[in-house]
Structures are given as C-alpha cells and as structure tokens.
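Please open the structure in your viewer and keep the selection tool at hand. We will go from stop to stop, selecting a few residues each time and looking at what is there.

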Amino acid sequence: MGWNEITRKQQVGVIAIVAIALVSLTSLFVVEPIAQDLSYHAFKDGRTLFGIPNFWNVVSNLPYLFAGLWGIGLLMLNRLTLVPELKVAYWIFCVGVAWLCFGSGYYHWSPDNHTLVWDRLPMTVAFMAFFAIILSEFLQVRLGKVLLYPMLLLGAASVFYWQYTEGQGAGDLRPYAIVQFMPMLTIPVILLCFKGKFDRVSAYWWMIAAYAAAKVFEHFDGGLYDLLIVMSGHSIKHVISAVGVFVLVAGWQKRVGLRG
C-alpha cells in the first residue's frame, strides 16, 4: 500500500512511529552509558514473614503466574480470538508473564544486580511478544511475524549486554531502556492511528493504563509503604500490572470477528 493510499491519520501515525524510533536510536549515541543505581535494590518493605525475606515483594508476583497460566489454558482450549499466523506470539507472551512470577520472585528474594537479570529477562520477552502482537493486529500480520524473533533476541541481548557491562565495571542500561520504553511509547500511537483486525481494543488501553499506574506505584514505593504500612508501592506495582494482563487476556477471549 502506497503513501497516498493510506488515510491522513495513518500518515501521522507512521511519522510519529518513525520519529519515536529515530529519537530512541539517536539516544544511544548522545546519552552517556547508564549504570544501574544500586539504591534501586533498597526497597522500603524488607520484612521477613514465614521465613521469606522481602515477603510482600516476593509473593506479590504470584498474580503473574495466575494470569500467565490462565492465558496458556485458554490458548490450549482455543478460546482466544487471535491472529492465527502469529499464535506463537500469544503463547510467548503468556509464558513470559508466568515466568516473570519466578524471575521477579527470585530477584526480590535477594535483590542485587545478578538476580535482577532474571527479573528483566522474562519481562523483556513478554514486552517483545506483546509488541509483535500489536504490529500484527494493527499494521501487518507479516510485519509482526517477521519481527517477532529478532525482537525477542534483541530484548534478551539488551539484558545480557547490561549484565556484561556491569561486570566490566561500566554498566550500560541504554539498550534495555529502549527495548522497554520504545514499544510502550509506540503502541498508543498505533492504537490511535490504525484500525485493528478485531472489534475491541479497550483491553489494550487498560493494559497500557495498568503499566503506567504500575510505574507510578513503583516510583512512590517508600511513600506508599509509610502511608499504607501493609504493602509498599513496589508490591502494589506487581499486582496492578498483573491485573492489566488479566484484563488483556479477558479482552482476547471476548472479542470476535477477524477483519480483512
């Protein structure tokens, strides 16, 4: 399809997507390497309960397991409405979410740069699969299909690159930051400017809202702990983002009608 054959809204979307990609890639060359701030590991709620250190930060990851397994179960029963050619991406997303329960739980059991790798790896896998799904449903099926595995490799590489650079004494989070945040900036543009293949897109907006809210709760980890006492902002972050996945999978289950 040529440039003149798409709508003005879609043209704006393409320009915005290209601009986001260019700014993100340019940042690799103009922004200094970003090492992991070790204070990141100093979560406010460090209570040990039932023999589990950092109890709430560990067990609050369980909703990821339930959300991921629910999606996997519905996939096995063929009860999700999806792009058939990219079914593997939905599988990878759900597996990544379930895996996040163990990776993030392992990290929060003993927070440091070494265990943080296993928190970020499944998160990145889920992000990249999710982005491929968006590309397939709103742009071109072939685009998502072609980019799925390269994006998964790129995401994993960004995590291991950060781990390697930390080991060399000069950590660099720039590629990981791009892999995480560029899709989340691009996806709203795609949802606004392009028509999806299915009848419902609200679940995607709820997912984005949950992601944004989770980031806010993460930022105010200590303040919320002082206010609530029961749980910290970081623990609530886990629950909110998992709820976003539940809503997304429910949306995949309820929608009907694959458009041409």
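In which helix is F29 found? Select F29 and you will see that this residue belongs to helix α1, which covers residues 8-30. Before going on, please keep in mind that what you have on the screen is a predicted model. With a relative accessibility of 73%, F29 counts as exposed, because the cut-off for that word is over 50%. Now add V30, V31 and I34 to the selection, and you will have the residues that, with F29, make a nonpolar surface patch of about 420 Å².

The next stop is helix α6, so please select residues 141-167. This helix has 27 residues, and the distance from its first C-alpha to its last is 39 Å, which is close to the 39 Å expected at 1.5 Å a residue. If you follow α6 along its length, you will come to a kink of about 40 degrees at L148, shortly before the proline P150. L148 is also one of the buried residues of α6, and among the others are G144, M151, L152, G155, S158, V159 and W162. An α-helix has 3.6 residues a turn, so residues three or four places apart point the same way. To see what covers the buried residues of α6, show α4 (87-109), α5 (113-138) and α7 (174-193), which are included in that cover. After α6 comes G169, and its phi is positive, near 85 degrees.

Since α7 is already on the screen, select this helix by itself. At 1.5 Å a residue its 20 residues should span 28 Å, and this agrees with its end C-alpha atoms, which are 28 Å apart. Helix α7 has a kink as well, of about 25 degrees, which lies at F181, shortly before the proline P183. Is α7 mostly covered or mostly uncovered? Of its 20 residues, 14 are buried, and the helix is therefore described as mostly covered.

The last stops are salt bridges, of which the count comes to six. Select K44 and D226 to look at one of them, where the closest N and O atoms are 3.6 Å apart. Because K44 lies in the loop between α1 and α2 (55-59) while D226 is in helix α9 (residues 221-228), the pair ties together parts that are 182 residues apart in sequence. K44 counts as partly exposed, with a relative accessibility of 43%.

Move next to E137 and R255, which form a salt bridge with their closest N and O atoms 2.6 Å apart. This pair also links distant parts of the chain, with E137 in helix α5 and R255 in the segment after α10 (233-254), 118 residues apart. E137 is buried, with a relative accessible area of 2%, and R255 is buried too, with a relative accessible area of 1%.

Finally, select E218 and K237, whose salt bridge has its closest N and O atoms 3.2 Å apart. Here E218 is in helix α8 (residues 202-219) and K237 in helix α10, and the two are 19 residues apart. E218 counts as buried at 16% relative accessibility, as does K237 at 10%. If you then add K215 to the selection, you will have K215, E218 and K237 together, which are joined into one network by salt bridges that share partners.

How values were computed
Residues are numbered from 1 along each chain as its sequence is written. This is a predicted model: local features need pLDDT of at least 70, side-chain atom pairs count only at pLDDT 80 or more; totals for chains, interfaces and linings use all residues. Side-chain values use heavy atoms; hydrogens and water are left out. Patches are made of residues with over 30% relative accessible area and no salt bridge: like charges are joined within 9 Å, nonpolar side chains (Val, Leu, Ile, Met, Phe, Trp, Tyr) within 5 Å. Accessible areas come from the Shrake-Rupley method with a 1.4 Å probe; for residues, only the protein chains shown count as cover. A salt bridge is a side-chain nitrogen of Lys or Arg within 4 Å of a carboxyl oxygen of Asp or Glu. Helices (H or I, at least four residues) and strands (E, at least two) are DSSP runs, numbered from the N terminus. Buried means under 20% relative accessible area, exposed over 50%, partly exposed in between (1.4 Å probe, protein chains only). The expected span of a helix is 1.5 Å times one less than its number of residues. The bend at a residue is the angle between axes fitted to the seven residues ending there and the seven starting there. Contact means heavy atoms within 4.5 Å.
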